[in-house]
Amino acid sequence: KSSRDRASSSSSSSALPAVEPQSTNKLPEIPFVTKTLPSDRSNDLMIGEDAGTFDIQNEEWGKLGEEGWFTFSAAVGTIMTAVIVLWVYHPTGYSDDFLAFLENIAGGNPHFVTLLFGILFPIVHSGL
């Protein structure tokens with residue numbers, strides 16, 4: 001293409017208005033809480049993306065099983081309930097048994113127990 005053709009094709013494509021998705025939610029917009037401002041990337045290497053941007057008007061609650069905040073909230077609530085019942089709550093949980101197991105391995109040394117927690121935590125949370 002000639003430079004004239006490239007200029008006319010680029011100007012015609014940039015002349016199209018940006019279409020933003022229409023939101024069906026009626027959530028309030030509170031500055032700095034429900035919408036992040038676009039970052040200034042003029043002096044950036046332009047590697048990666050601005051993944052931390054958030055606009056509440058682009059969010060949907062969805063139905064259970066669909067992608068949305070309702071499914072996310074149900075999943076987090078289920079996991080936290082399981083953690084509390086199976087781990088934290090002493091009459092039904094296993095945290096005190098696990099702590100006694102680690103103290104037995106450590107020979108009662110609280111510093112070594114802390115070290116074992118520091119080793120086990122990243123292993124468990126990494127999925128290994």
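How many aromatic pairs does a search of the whole structure find? It finds 4, where rings of Phe, Tyr and Trp (its six-membered ring) pair if their centres lie within 6.5 Å, with planes under 30 degrees apart called stacked, over 60 edge-to-face and the rest tilted.

Quick housekeeping. This is a predicted model, so local features need pLDDT of at least 70 and side-chain atom pairs 80 or more, while totals for chains, interfaces and linings use all residues. Residues are numbered from 1 along each chain as its sequence is written, and side-chain values use heavy atoms, leaving out hydrogens and water.

One of those pairs is Trp87 with Phe98, tilted, at 5.5 Å centre to centre and 55° between the planes. Trp87 sits in helix α2 (residues 69–88) and Phe98 in helix α3, so the pair ties together parts 11 residues apart in sequence. Helices here are DSSP runs (H or I, at least four residues), numbered from the N terminus.

Both rings turn up again in the lining of the largest pocket, along with Phe117, Leu120, Phe121, Val124 and His125. A pocket is an open set of points on a 1 Å grid over the protein atoms alone, where a 1.4 Å probe fits, with protein on both sides within 12 Å along at least five of seven lines; lining residues have an atom within 4 Å of a point. Its space is about 220 Å³, the volume filled by probe spheres set on the points. Helix α4 gives the most to that lining, 5 residues.

Notes
Helices (H or I, at least four residues) and strands (E, at least two) are DSSP runs, numbered from the N terminus.
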